[in-house]
Amino acid sequence: MAERIRITIDGQTIEVEEGMTILEAARMAGIYILTLCYDPRLEPYGGCRLCLVEVEGHRGLETSCTTPVVDGMVVRTNTPQVQDTRREVLELIISDHPYECLICPKAAEGNRCPPFSVCLKDTKVTDRCLVCSKNTRCELQQLVDYIGVRQERFVGALRPIKLERSNPFFEYEPSRCVLCTRCVRVCEEVRGVGALDVAYRGFQRAIVTAYEVTMPESNCEFCGQCVLICPTAALTKRSYKLLGWPDHSVRTVCPYCGCGCEIELELKGDRIVGVTPVEKSPVNEGCLCVKGHFGYDFIQSPERLTKPLLRRPTGSMMPIEWDQALDTVVENLARVVAEHGPDAVAVISSAKITNEENYLAQKFARACLGTNNIDQCAQLCHAPTLLALSSALGYGTMTNSLADLQEAGCILVIGSNTTETHPIAALKIKAAVRHGSRLIVVNPRRTKLDRFAELVLHPRPGTDAALLAGMMRVIMEEDLYDGAFLSRWCLGLHDFVLSLQEFDVHRVSKITGVPVADIVAAARLYASGGQDERHHLPEAEFIHPHPTPRKPVSAIVYGTGITHHHGALNAVQAILDLALLTGNLGKRGAGINPLAGQNNVQGACDMGALPHFLPGYQRLDDEEVRTRFQRLWGVELPTKPGRTLPEIFEGIRQGSIKALYIIGANPMLSEPDLAFVEECLRALDFLVVQDITLTETARLAHVVLPGTSFAEKDGTFTNTERRVQRVRQAIAPVGDSKPDWWIITELGRRFMARQKTGEAEETSSPFGPWNYSHPAAVMVEIASLTPIYEGIGYERLEGEGIQWPCTSSFHPGTPILYRDGLPHKVRLWPVEYAPLEVQTSAEYPFLLITGRELLHYHTDKMTCRSLGIMEIRPESLLEIHPEDAAALGIGERELVRVISPQGEVEATALLSEHSPRGTVFMTFHFERSPVNRLIGHAFDALSKSPELKACAVRVEAYYS
Amino acid sequence: MARQVDGPTLTLAEIISRYQGQKGALIPILLDVEEAYGYISADMAEQIAWTMRTSPAHVYAVASFYTRLRTQPRGTNLIRLCSGIACEVEDVTQIQRVIEEELGISVGETTPDDLFTLEMVPCIGVCGQSPAMEINDVPYGNLTPDKVRQILARYRQGET
């Protein structure tokens, strides 16, 4: 705890914390000090010199943003000397700015000219504030008005008007720049990108990219943070210029990755014109990535479905009315249930739709259809985590919060290209490193996070379990484990140690291809919580500019690099062992942090859209739980565990599943082995697809129901750190589309009505009838049936959301799990390592890794509707090592064929050293390059997670 | 360019490894690269940035700040004409005009045959012999138009 000290500012004595700057202290006391280059998120800079104050006993004036407070300090912010100096500073700042309107006498009267008015000063149009897009929103204008500068004492050279329009998201106009360098610093300090810097000297100074290339050619990630922080109109969003400034905004949650950033959806009438991040959100703290900032064209895209569609016998689709569509669906599902039994129907829900909708979807499957055949795509990436962590610890989820990462002494990122897949989580990691956390990155490929890592390990794909075992062996041998934690909480140490015997570092090094020294260093760094100094990287001076002492705790962050393998469960268990061995659970800054890929993976699982669990991970075979559900729902619940996603497709092939209801999923692009998936879907008796556009999957459906996007409905999402956040309706549903919760409710109501015909008996169960009028009512039902959500209701979600478990309406939520110890003793899993099932051969010499990239999201239905994103990255690229490419005669940006035993796709080659030799990388986003056509049929035996991340392929030039 | 015909004296990796484990090595590395290659290319900036764990934009910003560091390839012979106050008084502008006429380029440019690059730099510290210039770090003082023409002719004939 920092010491409290007393200082006096303008005669007002205040008590502040030691270590604050004068500026922060003054702001706290409500005293205004002018600033231009200051931003609370950035490190003290002292560039604009406007925040000068007089400090008693100091010679000259001090910049208040860089001067720390000292006990007994006496500060004056408004003496004649301060006033004079800062006026002069401001005059110098505007001397190379188009200043005519700024200092116009008319402005002194408090008037800014209305459009088309005659200029008294006869000034060039380009020098007028009036035509500036930031007029009345400009910080410089406000400062000039505040100080009242009304003359041009210094005349500098105006920078030429040279509009930089190379990217589709924002524009840069150097003549409006005041060189506050907020954009440069936010890009480096907050985003960790460093696309911009200040070049040259004197009046030539300018904000440029490296070697002054255009933005798309630079390392810019188009997050738009520089635009948000720019005080003037030097950087502006193009959407504001094209569509106008918004007149109101609605606070909601970003629909892309699992970070769950809060956004303000900005509207002009009912047109979405832009998005800004919510600054007070504890998740994103005013940051967004390119998708979350600019990828919203899909909402009001002309490709949205506006009417339910029915397949004619000829195969073409015909628009129909809702009544007919809903009745057709109910009739057909009921027919299949009647003819083949309830287990002949399956529901595939979605990690994109809200908690309420997932809850209704599983309720529809269980209460109406009478089957546990309900699953969603989280099965593909989250199942091993769910299985391993929930059986050991109780909850299969992130144990800590994203903000917690900043407290870690050491962060181990394994199997996650965090910058590309979870950009905002990556920001927390970068911020932590900036303040002294030490980072270990483990990934077969080079990633953008490597720049911040003290240790970068590139194991061969699929060997993570072996690598972790090697690290644990070092930890055991060097006595680096947490003995107290082990004896208090762990069982099975003997078997565990025995299992490590075959993983001595040299053998592990041989398996993984990682040098022995690196394995040892990683083990020491992780086990010591970043305190081990033997492997310090001294030349990396830029990555820890402000190290502060850290607590010796270590966090693990992992992603689909771990779970998309057939040996996924082994790897997740090894991660769990590593955390247990070093006692890194239940502490701030420690923990196991699996990152959820989609916005509501966590929520979809929480809501029981899983074949083995009821809502809140309550077991199907728990008699007490079943009784409660049966009493409240008023139906018998099926007892047989349902089929997982891969098993559903297997069931279709065997003919035991006849009808499928798919909500917001596109297995025709996201599942492995697409040819097999297509064959299955075509074989169905009845397929109903509910989505916002006509996806590849929807084209095969008998009935298509148009759902709505997140912007058109109320509800909640649960992000990767278990934070339940409120999604709010901003616009009316597009066309005749309906919110998904309404559609499922209607189906449920009609289905129940149909089953009940003849029985006049009135149901006495409170949640029996399907009569929800709003998602809030669904949340009430969820809370009363799900202990971990018991204290959550819409009235409590107006602020920053609540992290479950939240067991009563007074419970504040749980940012860190297991703070009071683990629920019970945990058995350490003996480590197993199974080599990749996929082996390269002479015929298929390359190992293909699939994954995501920053600009696109999952299957292409959202980001490919964004004109801007498509301008930057319109196609799927095959990343291949330049030497491999040369051997095959493939040049940069040439078309190639990628062929596996399963199939073939086309892609454009990108020569890059990011992937090691013999390995190629491709994203799975694009309909035009459906990479999952290549993937084989290997699954993790227990968790059924598919091996999406490895496939043997051959690469050929397209024109050879 | 022609400098690279016989190859740079040190590779980039060698230069970087010289400073391994040292803090504040960015400017010394840039000076060494300038020495060996005559300029700092975008690719080199990227590698240097990676070693220092900073961004290429930062490397470029530092390089563009100092006249001594170049981000574009230069001719075999680099002429640095002094624009310090003493040389200014002794009419360095006239010398500048002569060089520009002789070489057919203006300040900041390189001759089409890649033989000469002309730069104006702040004081090179030989004010006693103003006006003055440096060609490849060799100073020439008390310049007159004739003397300049002779010097340039010598370099044209292959003196380095």
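**Nonpolar cores and the enclosed strand β17(A)**

In this predicted model, I411(A), I440(A), M471(A) and I575(A) touch the most other members of the largest nonpolar core, which has 322 residues. A nonpolar core is a set of buried Ala, Val, Leu, Ile, Met, Phe, Trp, Tyr and Cys residues joined through C-beta atoms within 7 Å. A residue is buried if 20 or more other C-beta atoms, placed from the backbone, lie within 10 Å of its own. Helix α20 (residues 568–581) of chain A supplies the largest share of this core, 11 residues; helices (H or I, at least four residues) and strands (E, at least two) are DSSP runs, numbered from the N terminus. A second, separate core of 14 residues includes C82(B), V92(B), I95(B) and V148(B).

Strand β17 (residues 410–414) of chain A is largely enclosed by the rest of the structure, because 5 of its 5 residues are buried. In a regular strand the side chains alternate between the two faces of the sheet. In β17(A), buried residues cover both faces, with C410(A), L412(A) and I414(A) on one side and I411(A) and V413(A) on the other.

Strands are said to pair if DSSP finds at least two bridges between them. β17(A) runs parallel to strand β18 (residues 438–442) of chain A, to which 5 bridges join it; V413(A) has V441(A) as its bridge partner in β18(A). β17(A) also pairs in the parallel sense with strand β21 (residues 554–558) of chain A, over 5 bridges, and L412(A) stands opposite I556(A).

Residues are numbered from 1 along each chain as its sequence is written, and chains are lettered from A and ligands numbered from 1 in the order in which they are written. Local features need pLDDT of at least 70, side-chain atom pairs count only at pLDDT 80 or more, and totals for chains, interfaces and linings use all residues.

Key: A residue is buried if 20 or more other C-beta atoms lie within 10 Å of its own, exposed if 12 or fewer, and partly exposed in between; C-beta atoms are placed from the backbone.
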